[in-house]
Amino acid sequence: MEDEGGAKESWEPKIIGFFCNWCSYAGADLAGTSRIQYPTTIRIIKVMCSGRVNPQFVLKAFQEGADGVLVSGCHPGDCHYIEGNYHARRKLTLMEDLLEFTGVDPSRFQMSWVSASEGQKFAEVVTEFTERIKKLGPQTKLSGGEG
Amino acid sequence: MASIINKDKVAELVKKVSSSGCEVFGPVENGGVTLFRNLDGGIPSDFTNSKKPPKEVLFPQTETMFDFEIDGSKITALVEPVEAQTPILMLGVRPCDARAIQVLDALFTWDYIDPYYVNKRDRATIIGFSCTEPHMPLQSCFCTSVGGSPSSKDGLDMLWTDIGDRYLVESFTDKGNKILETGGNLFANAAKDDEKKTEDVKKLAESKIVRKLDTEGIEKALEATFDHEYWDEFARRCLGCGECTLLCPTCHCFDINDVITRGKGKRERTWDSCQYPYYTIHASGHNPRPDKKHRQRNRVYHKFLYSNKNLDMLGCVGCGRCISTCPVNIDIIEVVEGAKEAAK
Amino acid sequence: MTDYKALEKQIQDQARQWLESGEVKYVIGFEKGDNSPVCRPVFIYKPEDAGKLAWGPLCNNNLTKYLVEEVQIKPKKGEEPDLRPVGIVVKPCDSKTIVELMKENIVPRERVKIIGVISEGTINPKALDKALKDVPLDKIAGIQILDGGDNFTIKYDGEPLSVPKDELLNGKCKVCVVHNPVVYDIFVGDKVTQIDKDEFEDIADLEAMSDEERYEYWKEQLSKCIRCYACRDTCPLCYCEECVFDRTKPYNWNEKTVDLPENFFYHMVRAMHLAGRCVDCGGCERVCPMDIPIRKLNRFLLKRAKERFKVVPGINVEDKAMFGDYDIDDPGEGIK
């Protein structure tokens, strides 16, 4: 764990992103090829569909020390598998509620819809989320204080 | 020569002992249940017994054995000799649980000296509290049937008996005497009257234990019923939750796991229970205790047969925790009586 | 007011009849404990044993757990499986479990014959223990409990005790709105008029807290957890052949370590696995040796599921499973 004061300035959050193969991952790729700047805080895990993201994945990421978790999929109606993102929405909004109810800061979790053409949006979402997590500081509630 | 200590002086004693560098554990109310935790003040005088047995002070549910580092394919174990020296004081241990610690002592020094347990055990002074209300929820304790009593001094360095506004203090060992020394003027000499009162309290408590188990012939009966269909009957309703074993003061099984996070790891041991199918499953997938009946049978055999054979003492101290917590009323007294019946 | 003895008689008669005709393989019911007033599960195979079946406010267990075990037994090679239905005695909350089990295609309707008994609340054994403080210890096993309207009357050799129901009832019974079985072959008792509103008042105080206060609350509660998994083992809806918490291959989701982060993980994942399915039978909380208010997690998700997706589990077999279904207009506030 970093020292208080000076070290906090240099602290960079770790954000885990679960991105769907068809839209959001391609969107992130577009941001890269278009040379749009976005924070290096995010580590992306590609999943075939946002519907694949089990709430357990998110909780486990927090437990392993993630400071924030971002799940991103196709816009409603655009899912490559027709309905995967609707299922994701049901599961993950309820899980977000549970984070709130257990007092584990729910604002460390974010969902977004990013299409393959929205490189700019991807960068915005990540930038904004990183700013938010930076304000919140290291996540210790589920990771056991390792920061 | 017995001494007394006033109830309102106990907190002061705890303070005095802690300031001498000793870690003090005692029954503490924690989110609605009583558990053995660090004590920084007095001790509730109305607790029946802790939900989790005090063995967790000497044998924690999860204990790190050593750390290791991983660098690529190179793993370095950072094993350090177990040599902690701070003394431990356990205050408010019930006599049944103290007798259970004797079972653990025998077990952890049986065929292998377990350094983690033995190190803590050597440092520990155990102060027992006589039971005045030996009454676990829905009457289930039966220490008098398995060789104990609400005021047994087995395994204890000191025994305190609640006689109203004060405890009568008996010390049996050097460790106990040391506490008397540390306490100094907090202790006073007991009057004749106090000793008389203590005898009465002890007798009354003993009369309050209504559950009885006749241990005569248990071993023979169990040996004769290994394959008896009797075990099917009662184990059918077992849920396999393992509360009976995790809360048992003499149960001592543990599982060893490596917990690895980002290049660092620790080898830990955590309580395990013979009531879980994964306890016995082999790498081949074969499970020698495939059903709940085998697992329940193992629990009873371990307490009343194997423990006798291996350690020369009963594995059950009659604390009643397994009976009062079982969600489906599996009652070890009934089970043993039933086995004896089946053997006939 | 419920006349427990009359209900008990009806249950016994029905079980006897089914066993005599061979319609059912056996009957899962309750019997009185030998050394405890609390009732326990029993399996009746012979009509002459039907008299063992008991009924009363101390019939706490949700017996459908054994129903799941029954349908999950794989027949031995070359053996013709006995697919006759199993008789089971259920309270209204347990009958809701059967609805969920049928919905999830675990228990086929034809494998079960249900004796559905009305219930206006069962007694928490821990609360009973407190109420019986002054009853002589050797009399406790033999007490009788009668329904006296707002009170329970506890009869034993001495002066009968009258204890307000509020002091004794299980938490789930205080907020329960379903007093009649929802699925049954035989209905036992007189239909109870029921209020059709669950306001979730029991979790309002927690919801009103700040995040930090709630975290402190759960920290205190979950730090007690000994991870015996009794809440899972008693839950009829936890029927996976291999539970995620037992799995070690290919990946260990939950370390065996008993500490706060692992306990949090366990309880949150368990709650998520029951979201939209849990019928609030209260089994998990009742069996918890550490008195963790597990139901509160379930209740919260029950509430949010109702608010967000209008899902109320355990009522209608035709309903779709919450996570197996979706609505295009499901709320998704906060999604960017």
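**Figure 1. The interface of chain C and chain A.** Chain C places 46 residues in contact (heavy atoms within 4.5 Å) with 38 residues of chain A. The model is predicted: local features need pLDDT of at least 70, side-chain atom pairs count only at pLDDT 80 or more, and totals for chains, interfaces and linings use all residues. Residues are numbered from 1 along each chain as its sequence is written, chains are lettered from A and ligands numbered from 1 in the order in which they are written, and side-chain values use heavy atoms, with hydrogens and water left out. The size of an interface is often given as the accessible area lost when the parts come together. Here the buried area (accessible area, 1.4 Å probe, that two parts lose on being put together, summed over both) is about 3,900 Å². Carbon and sulfur atoms give 64% of that area. On the side of chain C, M268(C), Y326(C) and K336(C) lose the most area to chain A. Together these three account for 21% of what that side buries.

**Figure 2. Charged and polar pairs between chain C and chain A.** The rule finds six salt bridges (a side-chain nitrogen of Lys or Arg within 4 Å of a carboxyl oxygen of Asp or Glu) across this interface. D97(A) and R308(C) meet in a salt bridge through their side chains, at 2.8 Å from N to O. There are also 22 residue pairs in polar contact, both residues at pLDDT 80 or more. A polar contact is a pair of N or O atoms within 3.5 Å; within protein, one must be able to donate a hydrogen and the other to accept it, and residues adjacent in sequence count only if both atoms are side-chain atoms.

**Figure 3. The side of chain C that touches chain A.** Helix 7 (204-208), helix 8 (211-222), helix 10 (260-274) and helix 12 (294-309) of chain C each supply at least two residues. Helices (H or I, at least four residues) and strands (E, at least two) are DSSP runs, numbered from the N terminus. Helix 10 of chain C gives the largest share, nine residues. By class, this side has 27 nonpolar, six polar and 13 charged residues. Ala, Val, Leu, Ile, Met, Phe, Trp, Tyr, Cys and Pro count as nonpolar, Asp, Glu, Lys and Arg as charged, and the others, Gly among them, as polar.

**Figure 4. The interface of chain B and chain C.** Here 40 residues of chain B are in contact with 45 residues of chain C. The two chains bury about 3,600 Å² between them. Carbon and sulfur atoms carry 54% of it. In chain B, L138(B), R236(B) and Y278(B) lose the most area to chain C, together 19% of what that side buries. The rule finds three salt bridges across this interface. The side chains of R40(C) and E334(B) form a salt bridge, 3.0 Å from N to O. Polar contacts link 15 residue pairs, both residues at pLDDT 80 or more. Strand 11 of chain B gives the most to the side that touches chain C, with four residues. That side of chain B divides into 15 nonpolar, twelve polar and 13 charged residues.

**Figure 5. Cysteines without a disulfide.** A search of the whole structure finds zero disulfides (pairs of cysteine sulfur atoms within 2.5 Å) over all chains. For C322(B), the nearest cysteine sulfur is that of C319(B), 6.5 Å away. C322(B) is buried (under 20% relative accessible area, 1.4 Å probe, protein chains only), at 15%. For C59(C), the nearest cysteine sulfur belongs to C39(C), 3.7 Å away. C59(C) is buried too, with a relative accessible area of 0%.

**Figure 6. K310(C) after helix 12.** K310(C) lies in the segment after helix 12 of chain C. With 70% relative accessibility, K310(C) counts as exposed (over 50%; partly exposed lies between buried and exposed). K310(C) and D330(C) are 20 residues apart along the chain, and their C-alpha atoms are separated by 9.8 Å.
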